[in-house]
Amino acid sequence: MKKTLLFIALLIGGFASVHASDPNTNTTISNPVPVPVKDVDNSSFGRPKAPSKQHIECWYCDGELSFDFVIPEGECTLYVTDYATGFMTQYVFDSADHADIYVGSLPNGGAVEISTESGHTYYGQIIFE
C-alpha cells in the first residue's frame with residue numbers, strides 16, 4: 001500500500017512539473033520575419049505618379065507566408081523562389097481575405113512575386129538578419 005501511494009505521489013509530482021514548465025522555452029516557434037512587398041513600376045511614361053493607396057502586409061514564420069491587402073485586387077498568383085536551391089513554386093490565393101500560405105522552410109531566404117487579377121505585380125524578399 002505504501003508503494004502504491006509513493007508511486008501515485010511521484011506520478012502526480014512529475015505531471016505537475018511538466019505542466020509548470022516555462023512556455024517561452026518552446027524552440028519550434030520562430031519569430032515572424034516581415035517581408036516588405038513593393039509595387040513593380042512598369043510605367044514607360046516619364047510623368048510623376050500619385051502615391052499608391054495599396055499596402056500589403058506580408059510576414060514569413062515557420063514556413064508560412066501571411067498576406068493582408070488593404071485594397072483587394074482579386075485572385076493573386078504567388079511565386080516563391082528559394083535562394084538556396086533556385087526552385088520556384090507557384091500558389092494561388094484571393095486577396096479579399098487574410099491569406100496564410102505554407103511555402104515550406106526557406107533557411108537562406110527567398111524571393112516573393114505576386115501578380116494580381118487587376119494587373120499589378122509586387123515583389124519582395126525574405127531576408128533573415
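In the predicted model, strand 3 presents two faces of unlike character: Ile 56, Cys 58 and Tyr 60 make up the covered face, whereas Glu 57, Trp 59 and Cys 61 make up the uncovered one. The covered assignment of Cys 58 is accompanied by a relative accessible area of 3%, so this residue is classed as buried, the limit being under 20%. Strand 3 spans residues 56–61 and runs antiparallel to strand 1, to which two bridges join it. Within this pairing, Pro 34 has Trp 59 of strand 3 as its bridge partner; Trp 59 itself belongs to the uncovered face.

Strand 3 is also joined to strand 4, again in the antiparallel sense, by six bridges. The two strands form a hairpin with two residues between them. In the turn, Asp 62 adopts a positive phi of about 50°. Cys 61, a member of the uncovered face of strand 3, stands opposite Glu 64 in strand 4.

These pairings belong to an open sheet of four strands, arranged in the order 1-3-4-7 with antiparallel pairing. Its edges are occupied by strand 1 (33–34) and strand 7 (99–102); each has a single partner strand, and therefore one side of each lacks a neighbour in the sheet.

A further open sheet comprises five strands in the order 2-9-8-5-6, and here too the pairing is antiparallel. Strand 2 (37–39) and strand 6 are the edge strands of this sheet, and because each has a single partner strand, one side of each is left without a neighbour in the sheet. From one strand to the next, the twist averages 20°. Strand 5 (residues 75–82) pairs with strand 6 in the antiparallel sense over seven bridges. Cys 76 has Phe 93 of strand 6 as its bridge partner. Cys 76 has 0% relative accessibility and therefore counts as buried. Cys 58 is likewise buried, yet a search of the whole structure finds zero disulfides.

At the other edge of the five-stranded sheet, strand 2 contains Asp 39. The relative accessibility of Asp 39 is 42%, which means that this residue counts as partly exposed, between the limits of 20% and 50%. When residues up to four places away in sequence are not counted, Asp 39 touches His 120, Thr 121 and Tyr 122. The C-alpha atoms of Asp 39 and His 120 are separated by 7.3 Å, although the two residues are 81 residues apart along the chain.

The aromatic residues were examined next. A search of the whole structure finds four aromatic pairs. One of these, formed by Phe 67 and Phe 93, is stacked, with a centre-to-centre distance of 5.0 Å and an angle of 15° between the planes. Phe 67 lies in strand 4 (residues 64–69) and Phe 93 in strand 6 (residues 88–94), so this pair ties together parts that are 26 residues apart in sequence. Both partners are buried: the relative accessibility is 0% for Phe 67 and 7% for Phe 93. Phe 93 also pairs with Phe 69; the ring centres are 6.2 Å apart and the planes stand at 55°, so this pair is tilted. Since Phe 69 lies in strand 4 and Phe 93 in strand 6, the tilted pair ties together parts that are 24 residues apart in sequence. Phe 69 has a relative accessible area of 10% and is therefore buried. Together with Tyr 122, the residues Phe 67, Phe 69 and Phe 93 form one aromatic cluster.

Phe 67 and Phe 93 recur in the largest nonpolar core, which holds 21 residues; those touching the most other members are Leu 65, Phe 67, Leu 78, Phe 93 and Ile 114. Two or more residues are given to this core by each of strand 3, strand 4, strand 5, strand 6, strand 7, strand 8 (110–116) and strand 9 (121–126). The contacts of Ile 114, not counting residues up to four places away in sequence, include the cluster members Phe 67, Phe 69, Phe 93 and Tyr 122. Ile 114 further touches Val 37, Cys 76, Thr 77, Leu 78, His 120 and Thr 121. Among these contacts, His 120 and Thr 121 are also touched by Asp 39.

Definitions and conventions
Residues are numbered from 1 along each chain as its sequence is written. This is a predicted model: local features need pLDDT of at least 70, side-chain atom pairs count only at pLDDT 80 or more; totals for chains, interfaces and linings use all residues. Side-chain values use heavy atoms; hydrogens and water are left out. Rings of Phe, Tyr and Trp (its six-membered ring) pair if their centres lie within 6.5 Å; planes under 30 degrees apart count as stacked, over 60 as edge-to-face and the rest as tilted. Buried means under 20% relative accessible area, exposed over 50%, partly exposed in between (1.4 Å probe, protein chains only). Two strands pair if DSSP finds at least two bridges between them. Axes are lines fitted to C-alpha atoms, for helices over the stretch in contact, and angles run from 0 to 180 degrees between N-to-C directions. A nonpolar core is a set of buried Ala, Val, Leu, Ile, Met, Phe, Trp, Tyr and Cys residues joined through side-chain atoms within 4.5 Å. Contact means heavy atoms within 4.5 Å. A disulfide is a pair of cysteine sulfur atoms within 2.5 Å.
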